[in-house]
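User: I have a model open here and would like to understand the terms used for it. Could you take me through them, please?

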Amino acid sequence: MRVLIACEFSGVVRRAFAARGHDAWSCDLLPSEDRSNRHIVGDARDLLNDGWDLLMAHPPCTRLCNSGVRWLAERDLWADLDEGAALFSAFWNAPIERVAVENPVMHRHAKARIVNYQPPAQSIQPWQFGHGETKRTCLWLRNLPPLVPTNIVAGREARVHRMSPGPDRWRERSRFYPGIAEAMADQWGGWADDLVRA
């Protein structure tokens with residue numbers, strides 16, 4: 001399968017799919033942390049018509065998520081919201097058979113701006129996939145089944161929520177969990193392979 005992981009600089013999801021034999025590529029405005037030659041620096045929207053079988057997208061959530069809604073009017077961030085919603089819309093409506101878009105819980109202003117908005121198919125937690133943390137993540141899915149938890153663990157610390165301010169806080173808060181990436185590659189990679197063979 002040809003897999004595009006949009007808005008990923010860590011390579012976590014790309015490596016999970018590549019380890020299972022898929023032709024997986026990541027794309028972000030930043031260079032890849034692992035210096036992979038399977039990473040494209042640029043705007044992922046420019047790649048959406050390149051014949052991918054699966055799109056997994058992590059668009060920036062700062063202006064879309066419920067936790068930041070209070071700043072929209074106070075700091076006049078409506079233009080940023082429009083830009084974020086346009087990026088989410090491009091991924092959600094991409095001309096790709098199977099699509100998964102990951103983001104936190106959205107506020108009503110974001111939902112109203114997303115083209116063809118639908119509620120998320122599911123919400124998941126890191127502790128369902130081997131990480132003793134809480135960070136509710138919603139998945140918008142097209143032609144993909146909901147993820148099945150793989151390793152429910154105790155702990156459930158709100159590490160990301162309690163991170164100290166600093167120059168790298170945004171980077172650490174946006175880092176994807178390897179356990180969830182492994183589940184995606186196992187469940188969606190194999191499921192989609194069955195569809196291709198059928």
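Analyst: Happy to! Let's start with pairing: two strands pair if DSSP finds at least two bridges between them. Please keep in mind that this is a predicted model.

User: What makes E4 and E5 a pair, and in which sense do they run?

Analyst: At least two bridges are needed, and strand E4 (residues 54-57) and strand E5 (residues 98-103) have four bridges. They therefore count as paired, and the sense is parallel. For an example to click on, take Leu54, whose bridge partner in E5 is Arg98.

User: Where do E4 and E5 sit in the sheet, and why are some strands called edge strands?

Analyst: The sheet is open and has seven strands in the order E3-E2-E1-E4-E5-E7-E6, with mixed pairing. Strand E3 (39-41) and strand E6 (122-124) are the edge strands, as each pairs on one side only. On average, neighbouring strands of this sheet are turned by 20° against each other, direction ignored.

User: Which helix lies across E5, and at what angle?

Analyst: That is helix H3 (residues 78-92), which runs at about 155° to E5. H3 also lies across strand E1 (2-6), E4 and strand E7 (137-142).

User: Why is the pair of Phe88 and Trp140 called edge-to-face?

Analyst: Ring centres must lie within 6.5 Å to pair, and planes over 60 degrees apart count as edge-to-face. Phe88 and Trp140 are 5.1 Å apart, centre to centre, with 85° between the planes, so both conditions are met and the name fits. Phe88 lies in helix H3 and Trp140 in strand E7, so the pair ties together parts that are 52 residues apart in sequence. Tyr117 joins these two residues in one aromatic cluster.

User: How do you know whether Phe88 and Trp140 are buried or exposed?

Analyst: Buried means under 20% relative accessible area. Phe88 has 0% and Trp140 has 1%, so both are buried. For the protein as a whole, 45% of its 198 residues count as buried.

User: What makes Arg2 a charge over a ring?

Analyst: CZ of Arg has to be within 6 Å of the ring centre and within 35 degrees of the ring normal. Arg2 lies over the face of Trp52, at 4.1 Å from the ring centre, so the distance condition is satisfied. Another example is Arg75, which lies over the face of Trp71 at 3.7 Å from the ring centre.

Key. Residues are numbered from 1 along each chain as its sequence is written. This is a predicted model: local features need pLDDT of at least 70, side-chain atom pairs count only at pLDDT 80 or more; totals for chains, interfaces and linings use all residues. Side-chain values use heavy atoms; hydrogens and water are left out. Helices (H or I, at least four residues) and strands (E, at least two) are DSSP runs, numbered from the N terminus. Axes are lines fitted to C-alpha atoms, for helices over the stretch in contact, and angles run from 0 to 180 degrees between N-to-C directions. Contact means heavy atoms within 4.5 Å. Buried means under 20% relative accessible area, exposed over 50%, partly exposed in between (1.4 Å probe, protein chains only). Rings of Phe, Tyr and Trp (its six-membered ring) pair if their centres lie within 6.5 Å; planes under 30 degrees apart count as stacked, over 60 as edge-to-face and the rest as tilted.
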